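Ready for a few exercises on how a protein meets DNA? Keep the structure open while you work, and try each task before reading its solution.

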2 protein chains.
Amino acid sequence: MDKDGPRRRNAQATRDDILASARAAFARSGYDGAGLREIAEGAGVTAMMIGRYFGSKENLFAEAVAAAMGETELLGSEILSSPDVAREMAAGLVRITAPDAPILEGFEIALRSAASDTAASLSREHIEVQKLKRLANSLQGDDRETRAAILIALVAGLQTMRQVIGLTPLAKADPEQLTGLMAAVLEPLLVAKSESIPAPSAPS
Amino acid sequence: MDKDGPRRRNAQATRDDILASARAAFARSGYDGAGLREIAEGAGVTAMMIGRYFGSKENLFAEAVAAAMGETELLGSEILSSPDVAREMAAGLVRITAPDAPILEGFEIALRSAASDTAASLSREHIEVQKLKRLANSLQGDDRETRAAILIALVAGLQTMRQVIGLTPLAKADPEQLTGLMAAVLEPLLVAKSESIPAPSAPS
DNA sequence: ACCATTTGTCTACAGGTGTATAGTTATGGA
DNA sequence: TCCATAACTATACACCTGTAGACAAATGGT
C-alpha cells in the first residue's frame with residue numbers, strides 16, 4: 001500500500017492515491033475527524049496536494065462519497081431473480097454488515113460523518129441519487145420510494161449498530177439466526193402489496 | 001433559558017445547567033464537534049467549570065448520554081397492552097423520529113458521535129443497559145435479545161435517515177403511510193414466534 | 001463584622017485545524 | 001543538452017481544541 005519504487009511525479013496516480021486514502025480516512029473517522037495531513041500522509045504526499053487536486057476538504061469529501069457510494073449494489077439483479085428475495089437480501093445484508101467487513105464504505109462514511117451538516121447534506125444527495133433511485137426501481141407495487149427509503153434506513157441502522165456502535169447482540173449474533181429474523185423484517189418491504197398491512201382479521 | 005436574575009453561586013444549578021447545555025450541544029454536533037467553550041457559554045459559565053464539575057469532556061459526555069438515554073421509553077407498557085402492538089409502536093416511532101422532533105435525544109447524541117471511538121463505546125454501553133435490556137424483557141418468545149437489538153437498529157436507522165441525513169422520502173413522507181409500512185416491518189419482531197420466518201410453501 | 005471556604009474567571013499552554021503563498025525539484029519536448 | 005513547465009514541498013497564518021494553575025469575589029458560619 002506504500003510504494004513499490006520511487007515512481008513519483010505522476011499526477012493521475014497521486015490524485016488516485018489521495019482519493020483512496022481519503023475514502024479510508026473518512027470511513028474511519030468521519031468528515032471532521034479525518035485531518036488533511038493524515039489523509040495526505042496516507043497517500044505519501046503533503047497536505048497541500050489536496051488543495052491542488054481537489055480545491056478543498058469539502059470537494060474531496062464529495063468525491064470520496066461519490067466513489068464509495070457507487071461501489072456496492074444493495075439489491076443486485078441476481079438477488080431479485082431469486083425465489084425468496086427477502087431471505088437472499090437478508091443474507092447479503094448480514095454478510096456486508098459483519099463487524100469487520102470493509103464493504104459498504106459509502107454508508108460508513110456517511111454514518112461516521114453525521115455530525116457535520118455539510119457532510120450529511122452531501123451524503124444525502126449521493127444516497128438519493130445512487131442508492132434510493134435504483135432500489136426504488138427494483139421494487140414493484142405501491143409506495144416504492146418510501147419502501148426503498150425504509151430499506152435504506154434499515155441497512156444504515158444495522159450497519160450503525162453492528163459496525164459503528166458495536167451493539168453486542170448484533171455484533172456477536174449467529175449469522176443464520178440474524179438472517180432468518182432479517183428476512184422476516186425485509187419481506188413486507190420487498191413483496192408487492194396494495195395494502196401496506198393486511199387487516200389482522202383472519203388468523204392463519 | 002438564559003437567566004432570570006443574578007442568582008449565581010449555586011453549585012447544583014450550575015452543574016445542571018452545564019449538563020443540559022452539554023446534552024443539547026452533543027445532540028447538535030456530536031462528541032468531537034461540540035466544544036467545551038460552546039457548552040460552557042450555553043450554560044452561562046466559563047469552560048473551566050466543566051473541568052471542575054465533571055473532570056473531563058469524556059466524563060461530561062458519559063453523564064450526558066446517561067441522562068438523555070434514560071428519558072424516552074421505546075416500548076412503554078401502554079403500547080404493549082394494545083391489541084395491535086406493531087401499529088402502535090410504529091405510530092410512536094414515526095412521531096418521535098419526525099424531522100424536527102427533539103425527542104430521542106439519547107440516540108441522536110450517539111448517532112452524531114459515531115466518529116469517535118470513545119463516544120461510540122460509551123453510547124453502546126448505555127444503549128445496552130438502558131434500552132436493550134428493557135426492550136428484550138418486554139418481548140416474548142425466542143431470540144428476544146436479538147429481536148430487541150434489531151428493533152433498536154431499526155429505530156436508529158429511521159432516525160438517522162429522517163433527522164440526521166434527511167432522506168427526502170422519509171422526511172416528507174405522509175405519517176399515516178409511513179406508520180402502515182413500519183407496522184408491517186415491526187410485526188415479525190414484536191409477535192412471538194418459534195420459527196423466525198414461516199416456510200414459504202403455501203401461498204395465501 | 002469578620003474571614004475561611006466555596007464558586008467562578010483570567011490567562012496561558014501545547015498541539016491541532018484548513019488553507020495560502022512562496023520556493024524547490026524532477027520531467028519531457030526542443 | 002537545455003530549460004520551461006508541471007509536480008511537489010516548506011513555512012506560515014489565523015484560529016480552535018482540551019486542560020491547567022493562579023487569581024478574584026461572593027457566601028455563610030461564627
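**Exercise 1.** Work out whether sugar and phosphate or bases make up the bigger part of DNA strand C's atoms within 4 Å of the protein.

*Solution.* Keep in mind that this is a predicted model. Step one: take just the atoms of DNA strand C within 4 Å of the protein. Step two: split them up, and 51% turn out to belong to sugar or phosphate, while the rest belong to bases.

**Exercise 2.** Find side-chain contacts to the phosphates and to a base of DNA strand C.

*Solution.* Start with the residues around the strand: there are 19, and A:R9, A:K57, B:T14, B:T46 and B:Y53 are the closest. Next, zoom in on A:K57, where a polar side-chain atom sits 2.7 Å from a phosphate oxygen. Now hop to chain B: an N or O atom in the side chain of B:T14 is also 2.7 Å from a phosphate oxygen. For a base, look at B:R37, which has a polar side-chain atom 3.4 Å from a base nitrogen.

**Exercise 3.** Which helix gives the largest share of the surface near DNA strand C, and what classes of residue does that surface have?

*Solution.* First, list the helices that each supply at least two residues: α2 (36-43) of chain A, plus α1 (11-33) and α3 (48-54) of chain B. Then pick the top contributor, α3(B), with 4 residues. Finally, sort the surface by class: 8 nonpolar, 5 polar and 6 charged residues.

**Exercise 4.** Describe the stretch of chain A that an unreviewed UniProt entry labels "DNA-binding region".

*Solution.* The record puts this feature at residues 35-54. Check the fold there: 75% helix and 0% strand. Last step: the C-alpha atoms at the two ends are 15 Å apart.

Key: Residues numbered from 1 in each chain as written. Chains lettered and ligands numbered in written order. Predicted model: local features only at pLDDT ≥ 70, side-chain atom pairs only at ≥ 80, totals over all residues. Heavy atoms only, no water. UniProt positions renumbered as here; feature names shortened; annotations may be inferred. Near = heavy atom within 4 Å. Polar contact = N/O pair within 3.5 Å; in protein donor to acceptor, adjacent residues only side chain to side chain. Nonpolar A, V, L, I, M, F, W, Y, C, P; charged D, E, K, R; others polar.
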